[in-house]
Amino acid sequence: EISLKYGADRLGKRTDDAMRKFRDNRLGAFIHWGLYAIPGGEWNGKVYNGAAEWLKSWAKVPADEWLKLMDQWNPEKFNAKAWAKMAKKMGVKYVKITTKHHEGFCLWPSKYSKYTVAQTPYKKDILGELVKAYNDEGIDVHFYFSVMDWSHPDYRYDIKSEEDAVAFNRFLEFTDNQLKELATRYPTVKDFWFDGTWDASIKKNGWWTAHVEQMLKDMLPGVTINSRLRADDYGKRHFDSNGHLMGDYESGYERRLPDPVKDLKVTRWDWEACMTVPENQWGYHKDWSLSYVKTPLEVLERIVHAVAMGGNMVVNFGPQADGDFRPEEKELADAIGKWMQKYGECIYGCDYAGWDKQSWGYYTRKGKDVYMVVFNPPYSKHLVIKTPKGTKVVKAALLDGKEVAVKETARNEYNVDMPAKDPEGPFVIKLQIEENAGGADKYRDALT
Ligand SMILES: Cc1ccc([C@@H]2N[C@@H](C)[C@@H](O)[C@H]2O)cc1
């Protein structure tokens with residue numbers, strides 16, 4: 001290992017209560033809400049099919065022109081309590097809110113910028129209203145924060161001169177001030193999820209990323225920080241030059257998931273994935289017909305897939321400029337919520353089971369309980385299980401207690417019957433197991 005000043009400051013998963021809560025939450029929602037919701041992907045009569053929150057970039061809009069959108073920011077349908085009720089009904093345990101996206105518009109009245117809600121017709125502290133409303137529903141709040149800030153004259157993509165260095169240091173101080181402001185104004189925040197940290201300017205300032213993590217942890221004991229903030233002494237991001245994860249959880253799975261067979265290494269650390277419902281839209285886009293929109297079942301499978309591999313999943317919502325949600329997102333929240341109501345015990349507080357994945361779906365595990373989450377029922381009507389050496393399946397039952405037959409078919413192999421009544425959708429079977437069950441058995445291996 002090489003010595004690093006700004007590498008990982010801990011090996012292995014955090015085991016404190018705050019991290020346990022982060023992990024046990026498992027299911028979160030993203031809120032991407034900013035000026036970009038006003039044009040919704042269209043500029044000067046042209047609709048761009050790229051991500052709507054990047055419209056300023058696709059349409060090459062100068063910052064001062066883009067920020068004039070602030071004059072139209074007045075979400076008359078915005079109701080923080082209604083948003084919190086929707087999240088509660090969906091069964092999310094936390095919500096990640098874009099405090100400031102790349103555009104530089106702040107959802108809180110920052111005194112370090114003139115591009116904030118305070119300078120809009122709406123005037124009020126949207127972030128403060130949301131933090132209170134979600135917390136009142138028992139939902140944790142996480143802050144998304146983009147370091148890259150297109151509104152700030154001192155931002156630099158790279159440091160190529162002394163002038164760049166002087167300007168960028170001013171920018172880093174501005175950013176420190178905004179982060180301290182957020183931590184001071186909203187002390188119930190549980191996590192900071194940094195984005196916009198890929199440029200050379202930040203990779204050349206790994207020291208600063210380590211300083212930010214420490215600064216926030218000193219101000220808010222227990223707060224969690226994502227790996228995407230961090231760059232080490234050599235500009236290596238997420239994992240330092242010795243291969244150790246920086247921050248408290250890996251945050252590279254954006255719109256993609258680790259392979260359940262080939263990528264089992266991710267079960268060695270905490271990680272959180274985030275996903276869009278269309279192929280690639282985080283902010284509100286007026287035309288969702290431009291790409292494939294995932295069905296609630298496809299969203300659900302990604303949630304279960306993440307938990308089955310020991311990760312969290314954050315499902316994205318892009319509220320409209322008027323502060324209401326589009327029908328597709330309301331329907332999604334409702335559908336996921338209904339399933340979580342019935343089967344959530346296989347998600348919340350659950351983790352990787354350590355069993356070989358089978359084609360019918362995923363395993364999750366909580367202590368001694370192993371859950372089968374079935375997405376693909378087989379024509380054979382039997383769900384094949386292969387247990388680790390020394391592990392026996394004693395009993396299998398639906399969550400309402402109704403048993404399903406389990407038949408041992410070979411050493412560490414079982415057939416679990418599909419329930420007599422078709423569950424009509426993804427369902428859960430809870431297994432009672434016996435581990436380290438020794439003793440000889442009746443099976444002989446073939447001689448080949
Ligand atoms: C190339 C690229 C840059 C930034 C992003 C941002 N990260 C997501 C979480 C959204 O905020 C998106 O705007 C996505 C892709």
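This is a tour of the ligand site, the cavities and some salt bridges in a predicted model.

**Stop 1: the ligand**

Select the ligand together with the residues around it: His32, Glu53, Trp54, His101, His102, Tyr144, Trp193, Asp195, Trp198, Glu254 and Trp282. Then show the polar side-chain atoms of histidine 32, one of which lies 2.7 Å from an oxygen atom of the ligand. Go on to glutamate 53, where a side-chain N or O atom is 2.7 Å from an oxygen atom of the ligand. For a contact to a ligand nitrogen atom, pick aspartate 195: a polar atom of the aspartate 195 side chain lies 2.8 Å from that nitrogen.

**Stop 2: the second largest cavity**

Keep Trp282 selected: Trp282 is among the residues around the ligand, and Trp282 also lines the second largest cavity. Add the other lining residues, Gln281, Gly283, Tyr284, His285, Trp288, Asn316, Gly318, Arg326 and Glu329. The space inside is about 30 Å³. By class, this lining has 3 nonpolar, 5 polar and 2 charged residues.

**Stop 3: the largest cavity**

The whole structure has 2 cavities of 30 Å³ or more, and the largest has a volume of about 70 Å³. To find the largest cavity, select Ala29, Ile31, Trp83, Met86, Ala87, Met90, Val95, Tyr134, Phe317, Phe325 and Ala333. Which elements give two or more residues to this lining? They are E1 and H4, and H4 provides the largest share, with 4 residues. Colour the lining by class: 11 residues are nonpolar, none is polar and none is charged.

**Stop 4: from helix H4 to glutamate 137**

Stay on helix H4, residues 80-90, and select lysine 85. Lysine 85 forms a salt bridge with glutamate 137, with 2.7 Å between the closest N and O atoms. Glutamate 137 sits in the loop between helix H5 (126-136) and strand E5 (140-146), 52 residues from lysine 85, and the pair links distant parts of the chain. Is each partner buried or exposed? Lysine 85 is exposed, at 52% relative accessible area, whereas glutamate 137 counts as buried at 19%.

**Stop 5: strands E6 and E4**

Next select aspartate 191 and lysine 96, whose side chains meet in a salt bridge at 3.1 Å, N to O. Aspartate 191 is in strand E6 (residues 191-195) and lysine 96 in strand E4 (residues 94-100), so this salt bridge ties together parts 95 residues apart in sequence. Both aspartate 191 and lysine 96 are buried.

**Stop 6: a network**

Salt bridges with shared partners make one network of Arg10, Arg14, Asp16, Glu213, Lys217, Arg230 and Asp248. Show these side chains as a single selection.

**Stop 7: arginine 26 and aspartate 351**

The last selection is again one of the 38 salt bridges in the structure. Arginine 26 pairs with aspartate 351, the closest N and O atoms being 3.6 Å apart. Arginine 26 lies in the loop between helix H1 (17-25) and strand E1 (27-31), and aspartate 351 in the loop between helix H10 (327-343) and strand E10 (361-366), so the pair ties together parts 325 residues apart in sequence. Display the surface to inspect both partners. Arginine 26 is buried, with 1% relative accessible area, while aspartate 351 counts as partly exposed at 23%.

Note on methods: Residues numbered from 1 in each chain as written. Predicted model: local features only at pLDDT ≥ 70, side-chain atom pairs only at ≥ 80, totals over all residues. Heavy atoms only, no water. Salt bridge = Lys/Arg side-chain N within 4 Å of Asp/Glu carboxyl O. Buried < 20%, exposed > 50% of the residue type's maximum accessible area, 1.4 Å probe, protein only. 1 Å grid on protein atoms, 1.4 Å probe; cavity = no way out; pocket = protein on both sides within 12 Å on 5 of 7 lines; lining within 4 Å. Points joined across faces, edges and corners; volume = space filled by probe spheres on them. Nonpolar A, V, L, I, M, F, W, Y, C, P; charged D, E, K, R; others polar. Near = heavy atom within 4 Å. Polar contact = N/O pair within 3.5 Å; in protein donor to acceptor, adjacent residues only side chain to side chain.
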